[in-house]
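Biologist: I am new to this model. Please take a close look at its nonpolar residues, and explain each term as it arises.

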Amino acid sequence: NGMTSDTCEGEWKVGYDYPNPNAPNGSAVAWIGAAVGSLIRPVGGIMADKYGGAKMTNLAIIWCTLAAFGQGALVQTVSQMEDPTSNKAYYGLFIFLFINLFACCGFMNGTTFRTIGVLFPPEEAGPVLGWSSAIASYGAFVIPVMFGIALQAGNPQITFYCLGGYYVTCFFVNFWYYIRPGCEKPGV
């Protein structure tokens with residue numbers, strides 16, 4: 001049931017039998033996350049300019065952590081249901097948390113770029129921002145791979161829990177170096 005492509009030597013599956021043909025089409029709303037994340041990015045930068053990049057970053061990390069753990073709990077709850085489509089409210093909550101994950105990541109992107117501009121001298125800030133962007137873009141590869149592995153294992157919620165744990169680590173690193181009393185770089 002596949003068609004081989006000569007150009008990329010991959011296999012394109014046609015006539016795929018979906019586990020639940022009544023499930024909502026996630027690809028119809030997936031673009032909303034990227035749009036919201038892109039649109040809120042300047043807000044993160046403006047708020048970081050006004051209140052401090054490290055403080056706004058940690059606020060966004062808390063937001064991200066709650067959304068990721070909430071998403072993991074929701075996916076775990078729904079995956080254990082006999083008929084996940086029986087309660088339409090779960091889909092709305094999923095989309096809400098999904099959009100929040102993208103929103104807080106976009107917001108955090110703006111706060112991080114502001115912080116990098118303050119932490120480094122002007123001649124170093126540009127290259128560091130470029131390096132930071134390159135590393136951040138790697139997430140567009142790593143996160144789908146994480147989901148792929150978790151889906152194959154039958155536990156997609158694990159990806160959300162891992163992201164939540166990563167955000168907790170980021171919170172403490174950011175707090176330690178930029179916010180705590182006696183920190184290395186206060187006031188960023």
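Modeller: A residue is called buried under 20% relative accessible area, exposed over 50%, and partly exposed in between, with a 1.4 Å probe and protein chains only. The model is predicted, so local features need pLDDT of at least 70 and side-chain atom pairs count only at pLDDT 80 or more, while totals for chains, interfaces and linings use all residues. Residues are numbered from 1 along each chain as its sequence is written, and side-chain values use heavy atoms, without hydrogens or water.

Val-145 is partly exposed because its relative accessibility is 34%. Val-145 belongs to helix H5, residues 139-153 (helices are DSSP runs of H or I, at least four residues, numbered from the N terminus). Together with Tyr-138, Phe-141 and Ile-149, Val-145 makes up a nonpolar surface patch of about 420 Å² accessible area (residues with over 30% relative accessible area and no salt bridge, a Lys or Arg side-chain nitrogen within 4 Å of an Asp or Glu carboxyl oxygen; nonpolar side chains are joined within 5 Å; areas are by Shrake-Rupley, 1.4 Å probe).

Turning to the interior, the largest nonpolar core has 16 residues (buried Ala, Val, Leu, Ile, Met, Phe, Trp, Tyr and Cys joined through side-chain atoms within 4.5 Å). Cys-64, Ala-68, Leu-101, Phe-107, Met-108 and Tyr-167 touch the most other members. Helices H2 (53-79), H3 (88-119) and H6 (157-178) each contribute at least two residues to this core, and H2 gives the largest share, 7 residues. Beyond its neighbours within four places in sequence, Phe-107 has contacts (heavy atoms within 4.5 Å) with residues including Ile-40, Met-47, Met-56, Ala-60 and Trp-63.

Note on methods
Patch = residues over 30% accessible without salt bridge, like charges linked within 9 Å, V, L, I, M, F, W, Y side chains within 5 Å.
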